[in-house]
Structure formats: C-alpha cells, structure tokens
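This report describes a protein model, beginning with one charged residue and continuing with the aromatic rings.

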Amino acid sequence: PYTNKADIWSLGCIIYEIMTLSQPFSASNPLSIAKKIVDGEYTPIPDDYYSPLLLDTVKKCMTADQNYRPNITEICQLMVDVLMAQLDFMREKDNLSSMEIKQLKERLKSFEGPTTTGFKGFSTSEAQ
C-alpha cells in the first residue's frame, strides 16, 4: 500500500536525477525498469563532487525496502547542521532580522542530529 515512504523514495529519485542529469532507473522496456526499481539497482552517484552526507541521504531515500527507508524527520535530522549554516548565511547576506533567524532556528531545533555538511568544500565556518 501507498505510504509517505513512497514520497521519500520519489524525493531520492529526483535528487539523484538533479545530481547526475540522468534517470536512476532506465532500460529498454518497462518490465526491466520495474525489476530495477524493485531490486534497487541503479548506477551509484560519483563521489568525487558531492559530500558523503548527500550521497548517503540519496542512497537511504532510494532504498528499495520501505521498512529501511527514512521518514522525513530522519532526513531532516541528517540535514539540520547544513540548514542551520544556511540560515546564518542568509542572515548575513540578506539582512534577515535576528528575530526571523531565531524563529527559523527554533523550528529546526526538533531536527537536531549528527554534525556534517552538504557539499564538499562547504562548511559551517564558511557560511557564518
């Protein structure tokens, strides 16, 4: 049955396509495509440009078995440090008020998780 985990899988496929400029599942006929989807068989994203965090997030989203696929809260927990750094960057660049930043940070607090960044070469110190 359809659950929100299908949306997470779709999100992973969209991010994959944005990162690689190709569809994750392609073949010469629909049955072959369906088999690849069920088996979770796709070409891995090259790891020479994107961070381990982003690669791991896409891989987790595209996990074939929905029981092992993260929910949206778990995805946000992976990304909270990157989002917080971006908020600080936006505040400095766009002159958001400290009240606006504080409100956004409070909304993100419930997602706090492991420390990491999104793209290689981007760190929280660069965004602050």
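In which helix is K5 found? In this predicted model, K5 belongs to helix α1, which covers residues 4–20. K5 is buried but has no salt bridge. The nearest side chain of opposite charge is that of E74, 5.3 Å away, whereas a salt bridge requires a distance within 4 Å. Leaving aside neighbours within four places in sequence, the contacts of K5 are with Q66, R69, P70 and N71.

The protein chain as a whole has six helices and zero strands. Of its 128 residues, 28% count as buried. Among contacts with a separation of 6 or more, 66% join residues 24 or more positions apart. The accessible surface comes to about 8400 Å², and carbon and sulfur atoms account for 57% of that area.

The count of aromatic pairs is four. The table lists two of them.

| Pair | Centre to centre | Angle between planes | Arrangement |
|---|---|---|---|
| W9 and F25 | 5.8 Å | 20° | stacked |
| Y49 and Y50 | 4.9 Å | 85° | edge-to-face |

W9 lies in helix α1 and F25 in the loop between α1 and α2, so this pair ties together parts that are 16 residues apart in sequence. Both W9 and F25 are buried. W9, Y16, F25 and Y42 form one aromatic cluster.

Are Y49 and Y50 buried or exposed? Y49 is exposed, with a relative accessible area of 54%, while Y50 counts as buried at 14% relative accessibility.

Conventions: Residues are numbered from 1 along each chain as its sequence is written. This is a predicted model: local features need pLDDT of at least 70, side-chain atom pairs count only at pLDDT 80 or more; totals for chains, interfaces and linings use all residues. Side-chain values use heavy atoms; hydrogens and water are left out. Helices (H or I, at least four residues) and strands (E, at least two) are DSSP runs, numbered from the N terminus. Buried means under 20% relative accessible area, exposed over 50%, partly exposed in between (1.4 Å probe, protein chains only). Lys and Arg count as positive and Asp and Glu as negative; His and the chain ends are not counted. Contact means heavy atoms within 4.5 Å. Accessible areas come from the Shrake-Rupley method with a 1.4 Å probe; for residues, only the protein chains shown count as cover. Rings of Phe, Tyr and Trp (its six-membered ring) pair if their centres lie within 6.5 Å; planes under 30 degrees apart count as stacked, over 60 as edge-to-face and the rest as tilted.
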